[in-house]
Amino acid sequence: MQDDDNVKEKGSGLSRRTFLKASGISLSVPLVMGYRVVKVSGADVKIYGPGKVPLSLSINGKSYNAQVEPRVTLLDALRNELDITGAKRVCDRGSCGACTMIVDGKAVYSCSTLAIDAQGKSITTVEGLMQGETLHPVQQAFIDNDAQQCGFCTPGFVVACKAFLDKNPTPTAEEIKKGLGGNTCRCGTYVGVRAAVAQAAGKGVKRNG
Amino acid sequence: MAEYKWPDADKRTHIGKRISRIDGPHKVSGRAKYSFDMNRPGMLFGKILRSPYAHAKVKSIDTSAAEAMAGVKAVHIMAQPGTPTDELKWAGASIVALAAVDEPTAEDAIRAIKVEYEVLPHLVIDNDPKTAGDTYTRAANENKVGDPDKGFSEAEVTIEGNYGLPVITHCCLEPHGSVMEWEDGGQNLLAHLSTQAVSGSVGQIARPLEIPATNVRVKQDHIGGGFGSKFGPDEWDITAARLSKKAGGKPVKMFNERDAELMVAGSRPSVYAKVKVGVKKDGTITAWESQSWGSGGVGGGGSPPIPYIFNIPNQRKQHTNIINHVGSQRAWRAPNHPQACVLTMEPLEDAAAAIGMDPYDFFMKNIELTGQRAPIYSDELKIAADLIGWKKNWHARGDKTAGPMKRGLGLSIHTWGGQGHASDCDINIQPDGSVELKMGTQDLGTGTRTTLNIVVADTFGLPLNAVKILIGDSRYPASGGSGGSTTIGGISAAARRGSLDALEQLFSKVAPSLEAKPEDLEAVGGNIRVKTNPAKSVTWAQACSKLGATPLTVRGRHFPNAPGNLTNQGVGGVQMADVSVDIETGIVRINKIVAVQDCGLVIDLKTAESQVYGSLIMGVCWALYEEKIMDAKTGRMLNPNMEFYRLAGIADIGDLVVHMMTGKGYDERGVIGLGEPPAVSPGAVISNAVANAIGVRVPYLPLTPDRVLAALEKKGGNNARI
C-alpha cells in the first residue's frame with residue numbers, strides 16, 4: 001500500500017508530509033495581510049487563519065474590506081459582513097444557483113467559493129448590473145416576461161442569465177434550457193425565464209453588456 | 001353609499017390587462033429586502049442544536065463549553081430535561097438555541113454542546129398501515145354512500161389498483177425564520193418575520209412571550225416562498241426573541257439551515273389507497289370503494305375528499321391516519337386536493353382504459369356527476385383538448401409504435417374555493433393629489449402589491465404610478481393570512497370598496513365647482529368630470545386641492561357577506577399532459593401540459609397566468625422528482641438537501657400552455673382566488689399520460705425511473721389487466 005503521507009498533490013510539487021513540516025517556517029509576509037507565506041519546495045504557499053483575517057474584495061467596481069475567518073464563503077462575507085444581500089443563500093452547497101455571482105467573467109456559486117479566494121478578482125453581483133437607474137436588458141426582460149414570483153431565486157437567475165448571454169449572445173431555445181440548468185426556482189418561473197433570455201438576446205445583449 | 005361593483009369591461013383601464021408586477025424592478029435588482037436579508041446594528045446569529053434521533057428523551061444538556069466561548073451571547077434550552085419538552089419526537093427537533101456574534105462562532109458553539117439521550121423506538125415509514133401497528137394508526141369508521149354492493153353488482157367491469165403519493169416538503173427558497181429585536185428598553189418587539197400572515201402573526205408572537213400584542217410589530221417587505229408553510233411564528237422565532245432579550249435586546253437572526261428547512265419546516269402529507277371502481281361498458285360509473293392511509297408526521301395526515309369532484313352514486317371508503325416520528329405536516333397549496341385528485345383521476349382513467357373508452361369521452365359522459373360546475377368543466381375540456389390536439393394525438397392505452405420512446409396523453413380536473421378573506425385597508429388622498437393605500441397584507445409573489453395598485457388606480461382613473469402601495473407591516477389595517485387562495489378576493493374587494501367610498505367623498509367636495517351633483521361625476525383619465533358633459537372637468541390634482549389642508553383617509557373593508565358582488569368562490573380547471581417515456585431507462589419527459597382555468601374576474605392577467613405556470617412547474621416537481629425519503633432504521637431524512645431532494649429545472653418542464661377563462665360568464669362572478677386550484681391536477685394528469693404511454697399504471701408518485709421500470713416489469717400485476 002502506498003504511504004498516504006507521501007502522496008504527491010498533482011501540480012503542487014508537495015507531499016502532505018513536506019507541507020506539514022514546512023508550515024510555519026520562512027514567514028515572509030506580516031500577519032496584517034491576513035496570511036503567512038511559507039516557502040515549500042521552492043513554491044510560495046499562503047496560509048490563512050485560523051482566526052479572522054483581513055479581507056479585501058472588489059465588488060461591482062468598488063473596493064470593500066472586512067475581517068472574516070478563512071472558512072467564510074464569498075456569499076456569507078457579502079451578505080453578513082458587507083450587507084450586499086442580493087445573492088441568496090438557499091441550498092448552501094452548490095446545487096440551486098440562488099447565490100450566483102460573476103467572478104472574473106465566470107458565473108460561480110458563491111456559496112461554494114471561499115471569500116479569501118475571491119480576493120484580487122473582479123466580482124459582479126446582481127446589484128452591479130444596473131447602469132445608474134437603468135435596468136440591464138436581462139433585468140428588464142425578467143420584468144416584461146414576469147420571470148419572477150417570490151423573487152428569491154431571481155437575483156441568482158438574473159446573474160446566471162447575464163453570464164450565459166455574455167458567453168452565448170444568440171442562444172437557441174435548446175441552449176437556453178441547457179445553459180440555465182444550474183438555477184432552481186420553487187415558484188415555477190421557468191417559462192418566463194426562457195422568454196426573458198430570448199428577449200434579452202434579441203436586444204443584442206453582448207459580452208459585458 | 002357607493003354601489004360596490006367592478007367596472008364594466010369597456011370601462012376598465014387596468015383591471016384584466018397584462019400588467020408587469022410593480023415590485024419587479026426591486027426584485028430583479030437585488031434591492032428587494034427579504035426578512036432573511038435583514039442586517040441590523042449589533043445583530044447576533046442564532047443557531048439551533050437539533051435532534052439526531054427520530055424519538056429520544058433528553059437526559060442531560062451541558063452547554064458550559066459553548067457558553068464559555070468568546071462571542072456567544074445567549075443560550076436557551078428548548079428541550080429541558082425532566083420536563084414535558086424533553087421528549088424529541090422527530091429527527092431535527094429543537095434542543096438548544098444560542099446566539100453569537102457571527103455564524104462561524106455560533107456553529108462552533110453548537111458543536112460544543114453535549115447532550116445525553118435515551119433513544120426510544122420510532123416509526124418513520126408511512127406506506128403500510130400494517131407494519132405501523134395500532135400504536136401509530138388511527139382508523140376512521142367506514143363511510144358509505146348509496147348502496148356500494150348494488151353498485152358493484154351493476155358494474156360490467158371493475159378495476160382495482162393501488163395509487164398514492166409520498167410526503168413532500170415545501171422547500172421554500174427563503175427558509176423559515178426571523179430577525180427579532182427588542183426596542184424601547186426591552187418593552188416592544190420588532191419582528192422581521194418571513195410569514196404569510198403579517199397581521200395575524202402579532203398575537204401568535206405575543207402569546208408565548210406573555211406580552212401584550214400591541215407591543216409586537218411584524219414587518220416584512222418580501223417573502224421568499226411559503227406555499228402554506230409560513231402562517232405564524234415558529235418555535236425558533238419565539239426562541240430568537242428570547243435570545244434577543246437575554247442579549248440585552250440585540251437583534252437575533254434565526255433562519256433554518258437547508259437541512260432543517262426540509263426536515264422540520266412543514267410537509268404535505270402522503271396518501272396511499274387501494275381503489276376499486278365499477279363501470280358499465282357505456283362509461284357509466286356505478287360504484288367506488290377505497291381503503292386509504294397516509295401520514296403527515298407527528299400530527300397525522302389529512303383525509304382527502306375522495307372520490308374527488310365526481311359524486312359517484314355508490315361508495316364505500318375507509319381512511320387510516322398514520323401518526324409517526326417525522327416533522328409535522330403543514331398546509332401545502334390546496335391541502336388534501338392534490339392527494340384526492342391523484343386517488344380519483346388515476347383510477348377513473350384506468351376504468352376508462354379498461355372499457356376501451358377515450359378518457360375525454362368518459363369524463364364528458366360523467367360530467368353531470370361533477371355537480372354545478374359541469375358546464376364549466378365541459379367548456380374547459382373542449383378548450384384543453386383543442387390546445388393539446390387530444391383527438392388527433394390520443395391513442396388507446398399503450399403506445400404501439402416501434403422503439404423505446406412511448407408517448408401518451410392524460411387528463412384531470414380539479415376544483416377549489418377561493419372566497420376572499422376579511423381585509424381592511426386605508427386609502428389616503430393628499431390635497432396635492434397623491435394617493436397611497438396601506439394594508440397589513442403580504443405579497444407572496446402572487447402579485448398582491450400589483451393587484452392593489454391596479455384596483456385603486458382603475459377606480460380613480462389614474463395611471464398606476466400615481467398610487468403608492470404600502471403593505472407588509474402589522475401597523476397597517478389588518479388583513480388575512482395568504483392561504484386558501486383567499487388573498488386576491490379579500491384585498492381587491494377591500495381596495496375597491498375603499499376607493500369607491502373615497503371617490504364618493506371627493507366627488508362631493510368637487511361637485512359644486514363643476515355645478516353638478518356628486519353622483520353625476522366620474523373619474524376618468526386623470527380627471528374628474530361630468531358624465532353627461534365630459535368637457536366640464538377638473539384634473540385629479542385640482543379636485544384633491546378642494547380637500548383643503550387635511551388629507552382624506554377612508555377605510556376600505558371586506559368581510560363575510562359584505563355588500564356588492566366583488567368576490568366569490570368555487571372554480572374548476574382542466575389540465576391535459578403529453579409525455580414521452582423511455583421504457584429502457586424509465587425516464588419520463590414532459591412534452592407539453594395545457595392548463596385551462598377559471599377564477600372569476602382576473603385583476604392582472606400577467607401575474608394570474610404566472611400562478612398557473614408556477615402551479616404546473618411545481619406539479620412537474622412532485623409528479624416526477626419530489627419525495628421526503630425517510631430511513632426506517634435511523635429515522636432520519638435521507639435527502640435534506642437540494643441535490644437529492646430534487647426540483648425540476650428549466651429543461652424539465654416541457655412546453656406549458658395556460659388558458660384563462662375570462663369574459664362573459666366569468667367576470668361577473670367577481671374575483672376568486674387562483675394560487676391553489678391549478679396546483680391540484682399536475683400529479684394525476686402526468687401519471688395518466690404515463691399510463692397511456694406505457695400501457696401500465698405506475699402506482700405511486702413520483703414517477704422516478706425505478707418506479708416506471710418496476711411497473712413495466714410487473715405487467716400482469718394489479719393494474720396490468722388494463
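Two strands count as paired if DSSP finds at least two bridges between them. The pairings in these close-up views, like all else shown, belong to a predicted model.

**View 1. Three strands of chain B form an open sheet with the order S23-S24-S25.** The pairing in this sheet is antiparallel. Strand S23 (521-524) and strand S25 (533-539) of chain B stand at its edges. Each has a single partner strand, so one side of each is left without a neighbour in the sheet. From one strand to the next, the twist averages 35°. Strand S24 (residues 527-530) of chain B meets S25(B) in the antiparallel sense, over 4 bridges. In that pairing, B:Val530 has B:Asn533 of S25(B) as its bridge partner. Helix H14 (residues 487-510) of chain B packs on the sheet and touches S23, S24 and S25 of chain B. The direction of H14(B) makes about 115° with that of S23(B).

**View 2. Strand S19 (residues 405-416) of chain B is mostly covered.** Of its 12 residues, 10 are buried. S19(B) pairs with strand S27 (residues 571-582) of chain B. The two run antiparallel and are joined over 12 bridges. Within the pair, B:Leu411 faces B:Met576 of S27(B) as its opposite residue. Strands of a sheet pair through backbone hydrogen bonds, either parallel or antiparallel.

**View 3. Helix H6 (residues 198-209) of chain B has the length that its residue count predicts.** How far apart should the ends of a helix of 12 residues be, at 1.5 Å a residue? The expected span is 16 Å; the end C-alpha atoms of H6(B) are 18 Å apart, which agrees. The helix has a buried set made up of B:Val198, B:Ser199, B:Gly200, B:Ser201, B:Val202, B:Gln204 and B:Ile205. What do the buried residues of H6(B) pack against? Their neighbours are strand S12 (188-193), strand S13 (216-219) and helix H7 (235-246) of chain B. B:Glu210 follows H6(B) and has a positive phi, near 55°.

**View 4. An open sheet of 5 strands in chain A has mixed pairing.** The strand order is S4-S3-S7-S5-S6. Strand S4 (62-68) and S6 of chain A stand at the edges. Each of these edge strands has a single partner strand, so one side of each is left without a neighbour in the sheet. Neighbouring strands are turned by 40° against each other on average, direction ignored. Two helices lie across parts of this sheet. Helix H2 (residues 74-81) of chain A crosses strand S3 (53-59), S4 and S5 of chain A, running at about 95° to S4(A). Helix H4 (residues 154-167) of chain A lies across S5 and S6 of chain A, at about 35° to S5(A).

**View 5. Strands S5 and S6 of chain A form a hairpin.** Strand S5 (residues 100-103) and strand S6 (residues 106-109) of chain A pair over 4 bridges in the antiparallel sense. Between the two strands lie 2 residues. A:Asp104 in the turn has a positive phi of about 50°. Which residues of S6(A) stand opposite those of S5(A)? A:Ile102 has A:Ala107 opposite, and A:Thr100 has A:Tyr109. S5(A) is also joined by 2 bridges to strand S7 (residues 122-124) of chain A, again antiparallel. There, A:Val103 stands opposite A:Ile123. In a regular strand the side chains alternate between the two faces of the sheet.

**View 6. Domain 1 and domain 2 of chain A touch each other.** The domain assignment of chain A gives domain 1 (12-48), domain 2 (53-125) and domain 3 (137-202). The contact takes 4 residues from domain 1 and 5 residues from domain 2. On the side of domain 1 that touches domain 2, the residues divide into 3 nonpolar, 1 polar and no charged.

**View 7. Chain B contacts chain A through 45 of its residues.** On the other side, chain A contributes 49 residues. Which elements of chain B give two or more residues to its side of the contact? They are helix H1 (24-29), helix H3 (103-111) and helix H16 (605-624) of chain B. H16(B) provides the largest share, 9 residues. By type, the residues on the chain B side divide into 20 nonpolar, 15 polar and 10 charged.

Key
Residues are numbered from 1 along each chain as its sequence is written. Chains are lettered from A and ligands numbered from 1 in the order in which they are written. This is a predicted model: local features need pLDDT of at least 70, side-chain atom pairs count only at pLDDT 80 or more; totals for chains, interfaces and linings use all residues. Two residues are in contact if their C-beta atoms, placed from the backbone, lie within 7 Å. Ala, Val, Leu, Ile, Met, Phe, Trp, Tyr, Cys and Pro count as nonpolar, Asp, Glu, Lys and Arg as charged, and the others, Gly among them, as polar. A residue is buried if 20 or more other C-beta atoms lie within 10 Å of its own, exposed if 12 or fewer, and partly exposed in between; C-beta atoms are placed from the backbone. The expected span of a helix is 1.5 Å times one less than its number of residues. Domain bounds come from an automatic or database domain assignment. Axes are lines fitted to C-alpha atoms, for helices over the stretch in contact, and angles run from 0 to 180 degrees between N-to-C directions.
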